[in-house]
Amino acid sequence: MSEADVEIVRRWMWAFVNDTDTFRELLHPDIEWMPFEDNNTPSYGLDGAMRIRNGWLDAWDEYSFEVHEILDAGGEGVFVAATIFGRGKTSGVEVDVHLYGHFKVRDGKVVYFYEYQDRADALKAVGLE
């Protein structure tokens with residue numbers, strides 16, 4: 001991994017909310033994504049990733065996130081710590097959720113994303129425990 005991979009992950013996270021085309025362009029065709037809200041059940045490929053993104057964004061009347069930390073973990077990937085803020089469309093409930101991610105980049109695109117709710121687990125996964 002490299003600083004370039006960190007920047008790709010940073011752009012991908014920004015595009016998640018702000019730019020559908022850039023988000024899709026930064027997805028590797030072989031993307032494997034394990035979202036925490038689906039008990040980390042893997043989703044594969046571009047269609048699966050877009051389904052996760054669109055389903056998540058459609059659930060919120062207001063949505064934003066703040067990235068606190070992005071670390072290059074060498075050959076193990078990129079670690080991200082962020083907080084997600086939202087207000088549900090239907091319920092109106094406001095949430096803030098801490099999310100930790102293990103990313104891998106291949107060919108300049110995100111090819112792997114495992115979502116954690118526990119920082120220690122995410123750090124261990126990328127070898128930064």
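**Close-ups of a predicted model: hairpins, a helix pair and two unusual loop residues**

**View 1. D107 sits in the loop between β5 and β6.** This is a predicted model, and here we zoom in on one of its turns. D107 isn't a glycine, yet its phi is positive, at about 55°. The residue is exposed, with 65% relative accessible area. For context, most residues other than glycine have a negative phi.

**View 2. Strands β5 and β6 make a hairpin, with two residues between them.** The view takes in the strands on either side of D107, the turn residue with the positive phi of about 55°. β6 covers residues 109-116 and pairs with β5 in the antiparallel sense, over seven bridges. Which residue of β6 is the bridge partner of R106? That would be K109.

**View 3. On to the hairpin of β4 and β5, which has five residues between its strands.** β4 spans residues 78-88 and β5 spans residues 94-106. The two run antiparallel and pair over ten bridges. Look for V78, whose bridge partner in β5 is F103. In the turn, G92 has a positive phi of about 75°. β5 thus appears in two of these close-ups: it pairs with β4 here and with β6 in the previous view.

**View 4. Helices α1 and α3 pack against each other at an angle of about 55°.** α1 is residues 3-18, α3 is residues 45-58, and their axes are 10 Å apart. So how do the two helices lie, parallel or oblique to each other? They are oblique, because an angle of about 55° falls outside the roughly parallel (under 35 degrees), roughly perpendicular (65 to 115) and roughly antiparallel (over 145) ranges. From α1, the contact is made by A15, F16 and V17; α3 brings in R53, W56 and L57. Sorted by class, that gives five nonpolar residues, one charged residue and no polar ones.

**View 5. N39 has a positive phi of about 55°, and it's not a glycine either.** You'll find N39 in the loop that links β1 (27-34) and β2 (43-44). Is N39 buried or exposed? With a relative accessible area of 69%, N39 is exposed, since anything over 50% counts as exposed. Set this close-up beside View 1: D107 also has a positive phi of about 55° without being a glycine, and D107 is exposed too, at 65%.

Technical notes
Residues numbered from 1 in each chain as written. Predicted model: local features only at pLDDT ≥ 70, side-chain atom pairs only at ≥ 80, totals over all residues. Heavy atoms only, no water. Pairing = 2+ DSSP bridges. Helix = DSSP H or I, 4+ residues; strand = E, 2+ residues; numbered from the N terminus. Axes fitted to C-alpha atoms, helices over the stretch in contact; angles between N-to-C directions. Contact = heavy atoms within 4.5 Å. Nonpolar A, V, L, I, M, F, W, Y, C, P; charged D, E, K, R; others polar. Buried < 20%, exposed > 50% of the residue type's maximum accessible area, 1.4 Å probe, protein only.
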